[in-house]
Amino acid sequence: MLYPDVSTGASGRVALSYVSVAHRPPSLSNAVFVRVSDDGGATWGAAQKAGESAETYAQEPHVLVDPHNRVHVVWSEGGGWGPRVALWHAVSRSADLAEAGVSWTSSAMPLHDRLTRTKAAIDRCGTVHVVFEVWSGQRIDIGYARFGNAGWSSIIKPFDKLGGMPSLAVGDDVIHLVWDRILRKGDPKTRTPIQTEAVHSTLAVSG
């Protein structure tokens, strides 16, 4: 099991997502699996394949439960430390994941930048918000995209403060984002420590 992630919903629902190295054939390392518990984690349903990358490995999946108890998964597609080629979203068509034949809908957004360290959150309208690092040479920007009723938005870089290691949380009408910004690079020769600061900013929630 790689990249495990967990989220909770209403009525005791707990959802787990991961990329499995135990499934065969090896091509299923492109796939993201979900297991759901509806009794607070006491028992778990069988693994379901929520989605599958088109060509290469699934990376950093994040599982989310919306206000209707449907399960969403977001992940990036790419190999190793190389560029990510797509950002994916999958959602269960039904909240009842024990239902026979429940299916998933997935959608990909092609990427043109190197992207890593994704984090995701969901708002009360069921819109999924994703934040990540965007690498361009030695420059690291904070990137943001969302998935709503109209599908994927475009990727934006809404802040002029460079940095990395982003995270986010969604309130009623605002997205809170935090990341670290390097003020001074470290130098092991002079034993100069790296100096960073935490940056907080917000974006308005929109569907």
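A nonpolar core is a set of buried Ala, Val, Leu, Ile, Met, Phe, Trp, Tyr and Cys residues joined through side-chain atoms within 4.5 Å. With that in hand, here are some close-ups of this predicted model.

**View 1. The largest nonpolar core has 17 residues.** Val34, Val71, Val73, Trp75 and Trp104 are the members with the most contacts inside this core. Several strands take part: S2 (14-19), S3 (31-37), S5, S6 (71-78) and S7 each supply at least two of its residues. A second, separate core of 15 residues can be picked out too, and Leu64, Leu111, Leu115 and Ala120 are among its members.

**View 2. Val71 and the residues around it.** Which residues does Val71 contact, leaving aside its neighbours within four places in sequence? They are Arg13, Ala15, Val34, Val36, Val63, Leu64, Ala90, Val91, Ser92, Leu97 and Trp104. Two of these names, Val34 and Trp104, will be familiar from the list of residues with the most contacts inside the largest core. Leu64, for its part, is included in the second core.

**View 3. An open sheet of 4 strands, in the order S5-S6-S7-S8.** The pairing here is antiparallel. Why is one side of S5 and of S8 left without a neighbour in the sheet? Strand S5 (58-65) and strand S8 (104-110) stand at the edges and each has a single partner strand, so one side of each stays unpaired in this sheet. On average, neighbouring strands of the sheet are turned by 15° against each other, direction ignored. As you trace any regular strand, keep in mind that its side chains alternate between the two faces of the sheet.

**View 4. Strands S7 and S8, joined by 7 bridges.** Strand S7 covers residues 84-92 and runs antiparallel to S8. A handy place to start is Ser92, which stands opposite Trp104 in S8. Both Ser92 and Trp104 also appear among the contacts of Val71.

**View 5. The hairpin of S9 and S10.** Strand S9 (residues 114-122) pairs with strand S10 (residues 128-136) in the antiparallel sense, over 7 bridges. Across this pair, Lys119 stands opposite Val131 in S10. The hairpin has 5 residues between the strands, and there Gly126 takes a positive phi near 90°.

**View 6. His62, a residue of strand S5.** Is His62 buried or exposed? Its relative accessible area is 11%, so His62 counts as buried, the cut-off being under 20%. A polar atom of the His62 side chain lies 2.7 Å from the backbone oxygen of Thr118. The backbone oxygen of Glu60 lies 3.4 Å from a polar atom of that side chain. Not counting residues up to four places away in sequence, His62 touches Asp5, Ser17, His72, Val73, Val74, Thr118, Lys119 and Ala120.

**View 7. Leu2 in strand S1 (residues 2-8).** Leu2 has a relative accessibility of 40%, so this residue counts as partly exposed. How far apart in space are Leu2 and Val19? They are 17 residues apart in sequence, and their C-alpha atoms are 5.0 Å apart.

**View 8. The whole chain, with 0 helices and 15 strands.** Of its 207 residues, 44% count as buried. Among contacts with a separation of 6 or more, 39% come from residues 24 or more positions apart. The accessible surface comes to about 10800 Å², and 52% of it belongs to carbon and sulfur atoms.

Notes. Residues are numbered from 1 along each chain as its sequence is written. This is a predicted model: local features need pLDDT of at least 70, side-chain atom pairs count only at pLDDT 80 or more; totals for chains, interfaces and linings use all residues. Side-chain values use heavy atoms; hydrogens and water are left out. Two strands pair if DSSP finds at least two bridges between them. Axes are lines fitted to C-alpha atoms, for helices over the stretch in contact, and angles run from 0 to 180 degrees between N-to-C directions. Buried means under 20% relative accessible area, exposed over 50%, partly exposed in between (1.4 Å probe, protein chains only). Contact means heavy atoms within 4.5 Å. A polar contact is a pair of N or O atoms within 3.5 Å; within protein, one must be able to donate a hydrogen and the other to accept it, and residues adjacent in sequence count only if both atoms are side-chain atoms. Accessible areas come from the Shrake-Rupley method with a 1.4 Å probe; for residues, only the protein chains shown count as cover.
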